[in-house]
Structure formats: C-alpha cells, structure tokens
Amino acid sequence: MRVPGDVAGRRADALCTGITNAPLAIQTADCAPVGLVSRSGVVGVAHCGWRGLVAGVVQRTVDAMRTLGAGEIVAVVGPCIGPSEYEFGAADLLLLTDLFGPGVESRTQDGAPALDLPAAVGAACRQASVQVTASLGACTAANPDRYWSHRARGDVQRQAMVLWIEPASSRSAKDGE
C-alpha cells in the first residue's frame, strides 16, 4: 500500500488515490487539467493533451479509480487552449474526430483547421461514463495576463490542478458550519 508522498516528483499524465491527505497535482500549459471526483472517496487528476486523449488517459484514469472503489465519477476541467488558437494538422484531426466525433473539429480565428480540446475532453469523459460538472472554459493562449501558454508564447511556467481527500472529520466540521 502506498502512502502520501510515494510518487512525489515523478512524471505521469494521471494519478488517482483513495488515501486522505494525499494531494495529487497535475501541471499543464495548454493541455487540459481534469479533476475526477467520486463521492466514494477516490479522486484523480489527468493531463489531457491530444496525444493523451488518443492514448485513453481519461478512460484509464477512470478505470484505475474504479479499481480503488470509485462509484459515480464527475469531472472538472481547468483552463486549456481554445479552438480559435489551436491550429491542427488534418491527419491528426481526422484521428480525433474518428475517436470522439465531429464536435471536436473547429477552426482557428484565421480559418485554419483546429482541435476543440475542451470538446474532445468532454467526449472522452462521456465515453468513460463521467459527467463534466464544471469547465473553466478559459483559453490559455488568449489570456496572457492570467494563464501560461507554451504554444502561443513559449511560456515555460505551468498551471497546476491539485486535488485531495480531506479526512471525514474535517468534512463533517465544514459541513456543519
């Protein structure tokens, strides 16, 4: 059995846990950070870029959470690059539309083919039987004063999404306030 900190500093596209007080963090610049939560005491985070979506990062994370006892899972999607800023090659775009449907295909503000990454993440969540309950909807490339974007500006900094499970006693005290 792992304890908090066992995987600290390692690189991964997803993590999940059923252990309290074990923060999970995922860093992104233009890819979508996705937080996955189950009321049965299991949480997960996933770094969802187009390659990760093709590789099944959402489904694999959900499968791992269910192995830990997760029941119904909901998702929260953080800021990521928007379709108006995400020009995409035709062959790779076709691969994604084959996997997730035509709703992931878009156009940039200049009219070039583009990937709608938030739509692709939503489709991957639906395929994994996960409901997206919140999506920040902010474009990292279009908001330089608020978010970092490697694709738009070559930023080396990253946003982070952090999730953890509080002990039941902490949750009870906060619920009673």
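**Exercise 1. In this predicted model, find which residues have the most contacts inside the largest nonpolar core, and which elements contribute to this core.**

*Solution.* Begin with the core itself, which has 35 residues, and in which Cys48, Leu53, Val58, Leu115, Leu117 and Val121 are the residues with the most contacts. Next, turn to the elements: two or more residues come from each of strand 3 (32-38), strand 4 (42-48), helix 1, helix 2 (57-67), strand 5 (73-77), helix 3 and helix 4. Of these, helix 4 gives the most to the core, namely six residues. As a last step, look for any further core, and you will find a second, separate one of seven residues, with Val43, Val45, Leu163 and Ile165 among them. As a background to this exercise, nonpolar side chains tend to be buried together in soluble globular proteins.

**Exercise 2. List the residues that Leu117 touches, leaving out those up to four places away in sequence.**

*Solution.* Taking contact to mean heavy atoms within 4.5 Å, and going along the chain, you meet Asp30, Cys31 and Ala32, then Cys48, Gly49, Trp50 and Leu53, and finally Cys80, Ile81 and Tyr86.

**Exercise 3. Determine which residues of helix 3 are buried, and explain how they are arranged around the axis.**

*Solution.* Helix 3 spans residues 90-100, and its buried residues are Leu93, Leu96, Thr97 and Phe100. Because these residues cover an arc of only 100° around the axis, they lie on the same side of helix 3. The face turned away from this buried side carries Ala91, Leu94 and Asp98, which are exposed. To see what covers the buried residues, look at their surroundings, which include helix 1 (50-55), strand 6 (105-107), strand 7 (113-115) and helix 4 (117-127). Just after helix 3 comes Gly101, which takes a positive phi of about 95°.

**Exercise 4. Decide whether Leu99 is buried, partly exposed or exposed, and name the surface patch to which Leu99 belongs.**

*Solution.* First locate Leu99, which is found in helix 3. Its relative accessible area is 36%, and since buried means under 20% and exposed means over 50%, Leu99 is partly exposed. Together with Val54 and Leu95, Leu99 makes a nonpolar surface patch of about 200 Å².

**Exercise 5. Is Ala22 buried or exposed, and how far is its C-alpha atom from that of Trp164?**

*Solution.* Ala22 has its place in the loop between strand 1 (14-17) and strand 2 (24-28). With a relative accessible area of 7%, Ala22 is buried. Although Ala22 and Trp164 are 142 residues apart along the chain, their C-alpha atoms are separated by 5.8 Å.

Note on methods:
Residues numbered from 1 in each chain as written. Predicted model: local features only at pLDDT ≥ 70, side-chain atom pairs only at ≥ 80, totals over all residues. Heavy atoms only, no water. Buried < 20%, exposed > 50% of the residue type's maximum accessible area, 1.4 Å probe, protein only. Helix = DSSP H or I, 4+ residues; strand = E, 2+ residues; numbered from the N terminus. Arc of directions from axis to C-beta. Patch = residues over 30% accessible without salt bridge, like charges linked within 9 Å, V, L, I, M, F, W, Y side chains within 5 Å. Areas by Shrake-Rupley, 256 points an atom, 1.4 Å probe, with all protein chains shown as cover. Salt bridge = Lys/Arg side-chain N within 4 Å of Asp/Glu carboxyl O. Core = buried A, V, L, I, M, F, W, Y, C linked by side-chain atoms within 4.5 Å.
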